[in-house]
Amino acid sequence: MKFAVAALIASVAAVDRDTEIAFVNYMSTHGKMYATKEEYEFRLDIFAKKMEFIEKHNSLNADDHLVGLNHLADWTDAEYKNLLGYNNKHAEKRTRRHHKRVESAKAAPASVDWRTEGAVTPVKNQGQCGSCWSFSATGSMEGAYKIAGNDLTSFSEQQLVDCSKAEGNMGCNGGLMDYAFTFAEKTAMDTEASYPYKGRQGTCNTSVSGVATVSNFTDVTPKSPSALQEALALGPVSIAIDASGLGFQLYHSGVLKRFCGTSLDHGVLAVGYGSESGTDFWIVKNSWGAAWGEKGYVRILRDMTKQDAGTCGLQLDPSYPSF
């Protein structure tokens with residue numbers, strides 16, 4: 001049952017009028033509706049706390065990235081955690097295929113952006129399913145397939161969600177990009193159009209004819225910014241990051257330099273690297289829609305001098321497929 005939002009303005013004592021007006025505008029912008037007054041007040045309280053965080057962060061961190069309102073601003077911590085589906089619980093059992101260093105200046109140009117080369121599909125949205133790993137995997141497959149001389153093709157995340165359980169993936173409950181590549185070595189990938197995304201796990205549809213099979217995949221040497229840079233010179237790379245903090249959840253623009261750890265929980269896609277005003281960064285494609293961050297992307301600090309986990313842990317588990 002819908003209710004009159006206007007009648008609730010200033011009715012919640014814990015939240016000031018300006019914040020509630022901002023919330024009503026936020027609801028309109030993001031198409032939010034709540035069935036009851038209790039749900040409205042519950043979401044308003046979450047929104048108010050995130051508004052407070054945004055104002056504090058942006059006022060105290062002028063040299064860092066900006067945070068702002070997005071579609072996640074009324075989500076609970078548990079709802080947000082469900083998005084973070086990178087699951088490396090059994091990763092130690094993998095047979096790693098390490099990246100071979102290429103000692104060539106041409107292998108690592110000063111900057112790379114595979115978007116400008118037509119090797120990156122438009123930003124997608126995983127919805128409320130913890131299938132980030134599948135979007136990361138299809139993203140690097142799409143790039144590699146294009147760079148191999150084919151048309152840019154959007155591959156099916158839903159196929160991976162539904163069909164790669166035997167490899168170790170768990171649909172909306174998480175998975176690994178390498179497990180997705182292993183599946184794609186044995187089973188041809190379907191296109192997005194032929195096996196569209198539903199945002200929930202279903203029965204594997206084997207009646208669709210796939211268009212491409214992965215020939216191999218490579219695990220980039222971890223904790224090595226130079227190895228990741230060289231891999232990115234070849235094409236987009238699947239990476240995992242720590243996205244647990246509000247600084248990432250509400251990321252709006254700029255280069256994210258801190259406020260994240262190295263406990264990997266989210267699969268994303270590195271599509272390049274560059275520099276701005278003396279600050280080096282990695283260019284990372286997320287799967288939360290184009291309204292999040294910088295049109296669906298986040299720039300994360302790149303430090304070529306440190307052999308470590310990297311900002312948000314992005315140098316810990318990079319990998320990419322080949323066709």
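Me: Which element gives the largest share of the lining of the largest cavity?
Reply: This is a predicted model: local features need pLDDT of at least 70, side-chain atom pairs count only at pLDDT 80 or more, and totals for chains, interfaces and linings use all residues. Residues are numbered from 1 along each chain as its sequence is written, and side-chain values use heavy atoms, leaving out hydrogens and water. A cavity is a set of points on a 1 Å grid over the protein atoms alone where a 1.4 Å probe fits but cannot get out, and lining residues have an atom within 4 Å of a point. Five lining residues come from one element (helices are DSSP runs, H or I, of at least four residues; strands, E, of at least two), and that element is α4.

Me: How much space lies in the largest cavity?
Reply: The structure holds two cavities of 30 Å³ or more. A volume is the space filled by probe spheres set on the grid points, which are joined across faces, edges and corners. For the largest cavity, this comes to about 90 Å³.

Me: How many residues of that lining are charged?
Reply: The lining has 13 residues, with Lys-285 among those nearest the cavity centre. Asp, Glu, Lys and Arg count as charged; Ala, Val, Leu, Ile, Met, Phe, Trp, Tyr, Cys and Pro as nonpolar; the others, Gly among them, as polar. Three lining residues are nonpolar and six polar, while the charged ones number four.

Me: Is Lys-285 buried or exposed?
Reply: Lys-285 sits in strand β8. Buried means under 20% relative accessible area, exposed over 50%, partly exposed in between (1.4 Å probe, protein chains only). Lys-285 has 7% relative accessibility, so it counts as buried.

Me: The backbone oxygen of which residue lies 2.8 Å from a polar atom of the side chain of Lys-285?
Reply: The side chain of Lys-285 reaches two backbone oxygens. That of Pro-122 is at 3.4 Å. The one at 2.8 Å belongs to Thr-121.

Me: How far apart are the end C-alpha atoms of helix α2?
Reply: Helix α2 has 24 residues. The expected span is 1.5 Å times one less than the number of residues, so α2 should span 34 Å. The model agrees, with its end C-alpha atoms separated by 35 Å.

Me: Which residues does Met-51 contact, leaving aside neighbours within four places in sequence?
Reply: Met-51 lies in helix α2. Its relative accessible area is 16%, so Met-51 is buried. Contact means heavy atoms within 4.5 Å. The partners are Ala-22 and Leu-69.

Key: On a 1 Å grid over the protein atoms alone, a cavity is a set of points where a 1.4 Å probe fits but cannot get out, and a pocket is an open set with protein on both sides within 12 Å along at least five of seven lines; lining residues have an atom within 4 Å of a point. A polar contact is a pair of N or O atoms within 3.5 Å; within protein, one must be able to donate a hydrogen and the other to accept it, and residues adjacent in sequence count only if both atoms are side-chain atoms.
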